[in-house]
Amino acid sequence: MAKRQKPKTLKQVKSEIIDEEYEAVDDKRGLGWLLFRAPGQLFLWLQYLNPSNGRVLVSARQKGHVVMEVWYSLVFWAVLAFAFYFLFIKERALG
């Protein structure tokens with residue numbers, strides 16, 4: 001006899017749909033999108049593995065969340081661009 005499966009909740013169904021949509025978007029965007037999001041993914045992964053006191057649930061919710069990955073990646077790439085500008089380009093213009 002087959003066991004009856006517990007019906008899925010609305011939250012589980014929505015989560016599965018969102019995960020499938022993100023996977024489809026990631027497949028279409030390719031390597032450039034993956035490299036752009038990599039710093040954000042790494043930061044959130046490290047934050048998830050080493051949460052500060054009282055922030056365990058926050059780090060678990062943010063891990064794998066595309067919006068947070070993109071936000072942290074934007075900050076990373078902006079800081080890198082400003083550092084590159086001030087260290088190399090601005091100094092050459094003055095010198």
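**Three helices and a nonpolar patch**

Let's start with the fold. The protein chain has 3 helices and 0 strands. Read from the N terminus, the order of its elements is α-α-α. Please keep in mind that this is a predicted model.

Now some overall numbers. The protein chain has 95 residues, and 13% of them are buried. About 8500 Å² of the protein chain is exposed. Carbon and sulfur atoms supply 65% of that area. Next, contacts. Take those in the protein chain with a separation of 6 or more. Of these, 60% join residues 24 or more positions apart.

On to the aromatic rings. How many aromatic pairs does the structure hold? The count is 5. I'll show two of them.

One is formed by Trp-33 and Phe-36. This pair is stacked. The distance is 6.0 Å centre to centre, with 25° between the planes. Why stacked? Planes under 30 degrees apart count as stacked. Where do the two residues sit? Both are in helix H1, which covers residues 10-49. They are 3 residues apart there, so about one helical turn separates Trp-33 from Phe-36.

Is Trp-33 buried or exposed? Trp-33 counts as buried, because its relative accessibility is 19% and the cut-off for buried is under 20%. Phe-36 has 25% relative accessibility, so Phe-36 counts as partly exposed.

The other pair is Phe-84 with Phe-88. Their ring centres are 5.2 Å apart. Their planes stand at 45°, so this pair is tilted. Phe-84 and Phe-88 both belong to helix H3. They are 4 residues apart, about one turn of the helix. How accessible are they? Phe-84 is partly exposed, at 46% relative accessibility. Phe-88 is partly exposed too, with a relative accessible area of 45%.

Stay with those two residues, since they lead to the surface. Which residues make the nonpolar surface patch of about 750 Å²? They are Phe-82, Phe-84, Tyr-85, Phe-86, Leu-87, Phe-88 and Ile-89. So the tilted pair, Phe-84 and Phe-88, is part of this patch.

Last, look at Leu-87, another member of the patch. Leu-87 is found in helix H3, which spans residues 66-94. Is Leu-87 buried or exposed? Leu-87 is exposed, because its relative accessible area is 56% and exposed means over 50%.

To recap: helix H1 holds the stacked pair of Trp-33 and Phe-36. Helix H3 holds the tilted pair of Phe-84 and Phe-88. Leu-87 of the nonpolar patch is in helix H3 as well. Thank you.

How values were computed:
Residues are numbered from 1 along each chain as its sequence is written. This is a predicted model: local features need pLDDT of at least 70, side-chain atom pairs count only at pLDDT 80 or more; totals for chains, interfaces and linings use all residues. Side-chain values use heavy atoms; hydrogens and water are left out. Patches are made of residues with over 30% relative accessible area and no salt bridge: like charges are joined within 9 Å, nonpolar side chains (Val, Leu, Ile, Met, Phe, Trp, Tyr) within 5 Å. Accessible areas come from the Shrake-Rupley method with a 1.4 Å probe; for residues, only the protein chains shown count as cover. A salt bridge is a side-chain nitrogen of Lys or Arg within 4 Å of a carboxyl oxygen of Asp or Glu. Helices (H or I, at least four residues) and strands (E, at least two) are DSSP runs, numbered from the N terminus. Buried means under 20% relative accessible area, exposed over 50%, partly exposed in between (1.4 Å probe, protein chains only). Contact means heavy atoms within 4.5 Å. Rings of Phe, Tyr and Trp (its six-membered ring) pair if their centres lie within 6.5 Å; planes under 30 degrees apart count as stacked, over 60 as edge-to-face and the rest as tilted.
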